[in-house]
Amino acid sequence: APLAAPEEMRARTSVLMELQRLVLQWIYEVSIKEGMDEDTAKAAGAKIFTFGSYRLGLISPGSDIDALCVAPKHISREAFFQDLVPKLQASPEISDLSPVPDAYVPIIKLKLSGVDIDLLFARLNMPQVPENLESLNDDDLLKNLDDRTVRSLNGCRVADHILALVPDAERFRDTLRLVKIWAKRRGIYSNVLGFFGGITWAILVARVCQLYPYYASSALVKRFFKVYDRWNWKNPVVICPIRENPNVAGLMAFKIWNPKQYPQDRMHLMPIITPAFPSMNSTHNVTETTQRIILDEFSRAGKVTEQVEQSGAEWKDVYRALPFFSMHKYYLHIEVLGKTHSVFLRWLGWVESKLRHLVRHLERIPSVQVRPWPNHVEFKDPEWPHATAAFMGLTIAKRTGPGQQGNTVDLRQPVTQFVEIINSWQDRSDLAGEVDMRVRHVARRDLPDYVPEDGPKPRKRKAA
């Protein structure tokens, strides 16, 4: 992925300044409404912090910005969704606004001057947010905050800790950029599906940078694959000691990843621990299925990298895209449909968050192996303005057992269970006719035309 051009970088900076202006205006209006005088309302303040790829310096053309609005203690999360949302809607620069207040980390998704922004909210225990608040790394800021606020602050704190803990930020960025390209092309970049998300890949790269502080980026990439191909996953990946609960009022209640204390933490398959207090496992969604796939990809990349060193392969072979749509005989095909952008985003988010349950149900069938694919495909549907398809590859072993002949299996039960989970969405009945989902099992030759051809030969089509 190429780096964003300087003019695009300047555009993003001005987008963040405009967002800061709108937020300060909103804070002032809410403060006046709550009875504050003019000067106190103006001094209340707020600040926009960034995290994720943007904060780490991995900005490519068209990439989004993860942002956090930090507000003083008299501004509630309800005001963020009830008062800021209409204010943003009124701005001519803003489009595709979609608030998701009931998410695990509550969020407003929006487009400002063409740049996608995911905006979180955190209310600090201070009467004013000073202009010179440059960092959120002071643990005392977390005192007596609720879990949702701590989760919202976590992204900024983790990104800052990572940058502070790597020996050379530039080499870290270059290595992470290459690793992320590889992970996306090999179809293992997705936290929600049980693979690794952006922050996990950043922690893994940071650890390799610490282990080999003087290596150039190309050597670090080679080491990356070797280190994690051989890693003993009974041991967590950490880039600093895990800070225990301090004996400090307001900080003692936070749960810190600790397999000795919490049985559920012992169940984590590939623990990769965030560096900021309170430390969490960033990979709790990993299942036996996705662990197997990730380990296979580490192993493959390690072998191809060795061949590169011996001039038996080229770097492009390491990064070769996985030919997902030509490597399975059968697929599960899930179409997610919506009438309006805002409703569709919420519906897609709900379906995505439940796909790993479908994987688990499918893998309970003896002789079935599942390959979830995180790269969704948008398509045009005559009745639905917003339409995206998700796919899972199915490998069915040839064996005969009770209720099973040859390589025929019955997928109805896991699919029915999945549909029931999806239909339990609290907004489902209110949005009847606004959203839909279609699930079907197809052979490779019956994949829809909008699916990319990625094999050496075009798919054979059934005669019409």
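Lys47 is a good place to start: with a relative accessible area of 16%, Lys47 falls under the 20% mark and so counts as buried. The model is a predicted one. Lys47 doesn't sit alone, as its side chain meets that of Glu134 in a salt bridge, 3.7 Å from N to O. The two come from distant parts of the chain, 87 residues apart: Lys47 belongs to strand S1 (residues 47-51), while Glu134 is in the loop between strand S5 (115-123) and H5. Glu134 is exposed, at 61% relative accessibility.

Past that loop comes helix H5 itself. H5 runs over residues 147-165, and at 1.5 Å a residue its 19 residues should span 27 Å; the end C-alpha atoms are 25 Å apart, so the two figures agree. Still, H5 has a kink of about 35 degrees, centred on Asn154. Asp146 caps the N-terminal end, with a side-chain oxygen 3.0 Å from the backbone nitrogen of Arg148. As for cover, 14 of the 19 residues of H5 are buried.

Back to salt bridges, of which the whole structure holds 26. One of them joins Arg171 and Asp168 at 3.8 Å, N to O. Arg171 is partly exposed at 26%, and Asp168 is partly exposed at 25%.

Another pairs Arg438 with Asp381, their closest N and O atoms being 2.8 Å apart. Arg438 lies in strand S9 (residues 435-443) and Asp381 in the loop between strands S7 (368-378) and S8 (386-396), so the bridge ties together parts 57 residues apart in sequence. Asp381 is buried, at 17%, whereas Arg438 is partly exposed, at 26%. Both also belong to a salt-bridge network that takes in Glu335 and Arg440.

Definitions and conventions
Residues are numbered from 1 along each chain as its sequence is written. This is a predicted model: local features need pLDDT of at least 70, side-chain atom pairs count only at pLDDT 80 or more; totals for chains, interfaces and linings use all residues. Side-chain values use heavy atoms; hydrogens and water are left out. Helices (H or I, at least four residues) and strands (E, at least two) are DSSP runs, numbered from the N terminus. The expected span of a helix is 1.5 Å times one less than its number of residues. The bend at a residue is the angle between axes fitted to the seven residues ending there and the seven starting there. Buried means under 20% relative accessible area, exposed over 50%, partly exposed in between (1.4 Å probe, protein chains only). A polar contact is a pair of N or O atoms within 3.5 Å; within protein, one must be able to donate a hydrogen and the other to accept it, and residues adjacent in sequence count only if both atoms are side-chain atoms. A salt bridge is a side-chain nitrogen of Lys or Arg within 4 Å of a carboxyl oxygen of Asp or Glu.
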